[in-house]
4 protein chains.
Amino acid sequence: MVDESGRGRPRSESARTAVLHAVDDLLVEIGYAALTMKGIAERAGVGRQTVYRWWSNKAEVLYEASAIDAGRELSVPGGGDPHEDLKTYLDALVAFLSRSHAGTAYRALMGEAQHDADVAALLASRDILGESAAAVVEAARNASGTALSSEQATALLIGPPLFHILSGRGADGIDTEQLAERFLRTLNHPGT
Amino acid sequence: MVDESGRGRPRSESARTAVLHAVDDLLVEIGYAALTMKGIAERAGVGRQTVYRWWSNKAEVLYEASAIDAGRELSVPGGGDPHEDLKTYLDALVAFLSRSHAGTAYRALMGEAQHDADVAALLASRDILGESAAAVVEAARNASGTALSSEQATALLIGPPLFHILSGRGADGIDTEQLAERFLRTLNHPGT
Amino acid sequence: MVDESGRGRPRSESARTAVLHAVDDLLVEIGYAALTMKGIAERAGVGRQTVYRWWSNKAEVLYEASAIDAGRELSVPGGGDPHEDLKTYLDALVAFLSRSHAGTAYRALMGEAQHDADVAALLASRDILGESAAAVVEAARNASGTALSSEQATALLIGPPLFHILSGRGADGIDTEQLAERFLRTLNHPGT
Amino acid sequence: MVDESGRGRPRSESARTAVLHAVDDLLVEIGYAALTMKGIAERAGVGRQTVYRWWSNKAEVLYEASAIDAGRELSVPGGGDPHEDLKTYLDALVAFLSRSHAGTAYRALMGEAQHDADVAALLASRDILGESAAAVVEAARNASGTALSSEQATALLIGPPLFHILSGRGADGIDTEQLAERFLRTLNHPGT
DNA sequence: GTATAAGCGAGACGGTACGTCTTGTCTTGGC
DNA sequence: GCCAAGACAAGACGTACCGTCTCGCTTATAC
């Protein structure tokens, strides 16, 4: 996609990883609000132009820096008992959203997306939350024969704990055991 | 804190309303991202210090400017058929979050709250979404005798459509009729 | 000219002098080529905007910082013997152009003016060299009854030593005694 | 210095001339101030390193690009009537300094030399102006038997019109006829 | 009625991030 | 080993906004 001709100095992989690591570090040390492109470049020991050459804004570089972590933290084995797998997934989701650094970045990006179309498009390009839930949701849907679409089921599963956390209530009041059980019962009910 | 002695020139109510109106107008015209304290003051024909005197940051003035609208848009009559009232409320909620100016402001504030403790405290000071749902949620809880707490029930009601909208899917795919029905069935089910 | 209305915070005189002193200091310490608006602002302990608010470019601030010195260094008493006064003036001129800090600045500005219309206009707004020579030139013209205009006479006086210095030959080879004498003889000659 | 061993690819003459032509063109099109090494290389269709390999800075390449033109424009036949030859030379000098592209480049370089020792050394390496005047000046000196050195005479001839042009007065007010006459009379006068 | 106090609009202040630009160097593959 | 291409680190550019400050003016209560 980049440098199709093969001519010119190739992209420096070390610069790329230095930037991503700098973002990770700074996110922990000073937080999202204090992140600046200038600060990232300086911390990475990289020219500012090099950052702008490969990422067009703070959101893009932050997204790339945390997407891998996010995927890893949200992936659960699956394939076992549906109820158990659901609870495991919800625990991972709650931990990610409320305690993980990658989750902090993701919440900030989701916030930014509410008033920045570029960030919204970036997040829409890959539905990290939806993807992470896909396996357990599909297993539950198949086992129940529900009429709910994947999207409806995903919203039903993720929505309640997400609202809880986004509205500042923290993760303590969330009972993933109950959430999993209610989710399954709603799916199993013939009328929906 | 403010003029306890009664001496000195009193606060100018016209300046206050001019600021709030300027915020409303600018939010529509240029959007949240382009809002600046400088721009607000200039649009209101007010000194910048006057804005800072009464609101400590952009979030506070925006919150005050949209809270009244938010409350009005989210208040539904209630007292009728529970299912019907729930659907009416959900329609109002979806319209607020996805189409209203006040809702745009609220989403932006909720986003900011994810990485700004001051904004988080501001939103926590009054749970606009939760309050708005309280009447219909309580009516449904009382009618069903559910074991779910008010908070759990509220998250169950608001979470799914909120996730849908916040993740950039828009409001079109939301079936408030089904959401209301599923919500009631979950409450009525003895096991939860 | 500035702040005609009298409203708003008045210009800070201390900031203005801090900038001019910073320019003076930096010119000596790091030289003209290394002067930057950023560096001036930092050295003066002043915001960069403050510099840009009152001077539109490096040339303007440098001009203001050195014009006073230039005028002082080039002013000679006059009123005595024409030949003596001319030599005194030429000595001052040569010292200014070849050794003084203000003269270094002036040569740099004159150089910049050759390819920057703004700087050219700035220098044209006040002909520092011409002005400084005016008194001695007029005295000589009046005493001789020459047909040469002020401008022609000024060029005749200043041109040769200026060429010498600008072309990098330094000041050592300049005999101001002879220059003064030749200048007077050219003026006194009836044919010119 | 350059490729003494004869090994490796020889210097590309076409690259060299492409650079010099690019400088000539850009000087006319965008002016000296906007000239950049990057722009020169791109215009010449040449790698930037190739420019740096043969010229160490903007001044050097500009000097080489305009020196030939400068020499040509300033060379006058000579050998005729001294007064006539002087006037011809002064006309060429004034045209060069005030209207020629090469002259524009030369004025810019002379300006740069005032605060850049490298450029000063470059210009000092070959005294283009002095050389150009040498023939007519020597002819006049020999004919007059003046006591003035070549350098003094050259400064006397070139200085006044140079000051006129460098100080932004343009070429219109210069009377080369009179300048030539005065120059000759000063040389002929026994006392100098 | 006059002193005192505080709010007001305006706008300059020091500070700092923005995204772009140019510099001179380095690193590819191709000639 | 030169060449075109183009990425690299560095750092200045001029602009924008931040939150504070300093003016003269206005509008109140308190003496």
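The following exercises, with worked solutions, concern a predicted model of protein chains with two DNA strands.

The model is predicted, so that local features need pLDDT of at least 70 and side-chain atom pairs count only at pLDDT 80 or more, while totals for chains, interfaces and linings use all residues. Residues are numbered from 1 along each chain as its sequence is written, chains are lettered from A and ligands numbered from 1 in the order in which they are written, and side-chain values use heavy atoms, with hydrogens and water left out.

**Exercise 1. Describe chain A and its relation to chains C and D.**

Step 1. Chain A has 10 helices and 0 strands; helices (H or I, at least four residues) and strands (E, at least two) are DSSP runs, numbered from the N terminus.

Step 2. Along the principal axes, the C-alpha atoms of chain A fill a box of roughly 60 × 40 × 30 Å.

Step 3. Contact means heavy atoms within 4.5 Å. No contact joins chain A and chain C, and their closest C-alpha atoms lie 16 Å apart. Chain A and chain D do not touch either, with nearest C-alpha atoms 10 Å apart.

**Exercise 2. Characterise the packing of helix 5 and helix 8 of chain D.**

Step 1. Two packed helices are described by the angle between their axes and the distance between the axes. Axes are lines fitted to C-alpha atoms, for helices over the stretch in contact, and angles run from 0 to 180 degrees between N-to-C directions.

Step 2. For helix 5 (residues 82–99) and helix 8 (residues 128–144) of chain D, the angle is about 165° and the axes are 9 Å apart.

Step 3. The two helices of chain D are therefore roughly antiparallel; the term covers angles over 145 degrees.

Step 4. On the side of helix 5 of chain D, the contact involves D85(D), L86(D), Y89(D), L93(D) and F96(D). Their partners in helix 8 of chain D are L129(D), S132(D), A133(D) and V136(D). The residues of this contact divide into 7 nonpolar, 1 polar and 1 charged. Ala, Val, Leu, Ile, Met, Phe, Trp, Tyr, Cys and Pro count as nonpolar, Asp, Glu, Lys and Arg as charged, and the others, Gly among them, as polar.

**Exercise 3. Analyse the surroundings of DNA strand E.**

Step 1. A residue is near a strand if one of its heavy atoms lies within 4 Å of it. Of the 42 residues around DNA strand E, Y52(A), R9(B), T50(B), R48(D) and Q49(D) come nearest.

Step 2. By class, this surface has 11 nonpolar, 15 polar and 16 charged residues.

Step 3. Among the atoms of DNA strand E within 4 Å of the protein, 62% belong to sugar or phosphate and the rest to bases.

Step 4. Polar contacts are pairs of N or O atoms within 3.5 Å. A polar side-chain atom of Q49(A) lies 3.0 Å from a base nitrogen of DNA strand E. Backbone N or O atoms approach phosphate oxygens of DNA strand E at S12(B), at 3.0 Å, and at G45(B), at 3.4 Å.

**Exercise 4. Repeat the analysis for DNA strand F.**

Step 1. Around DNA strand F there are 46 residues, of which G8(A), Q49(B), Y52(C), S12(D) and T50(D) come nearest.

Step 2. The surface near DNA strand F comprises 12 nonpolar, 17 polar and 17 charged residues.

Step 3. Sugar or phosphate accounts for 66% of the atoms of DNA strand F within 4 Å of the protein, and bases for the rest.

Step 4. A side-chain N or O atom of W54(A) is 2.8 Å from a phosphate oxygen of DNA strand F. A polar side-chain atom of R48(B) lies 2.8 Å from a base nitrogen of DNA strand F.

Terms used. Parallel < 35°, antiparallel > 145°, perpendicular 65-115°, else oblique. Polar contact = N/O pair within 3.5 Å; in protein donor to acceptor, adjacent residues only side chain to side chain.
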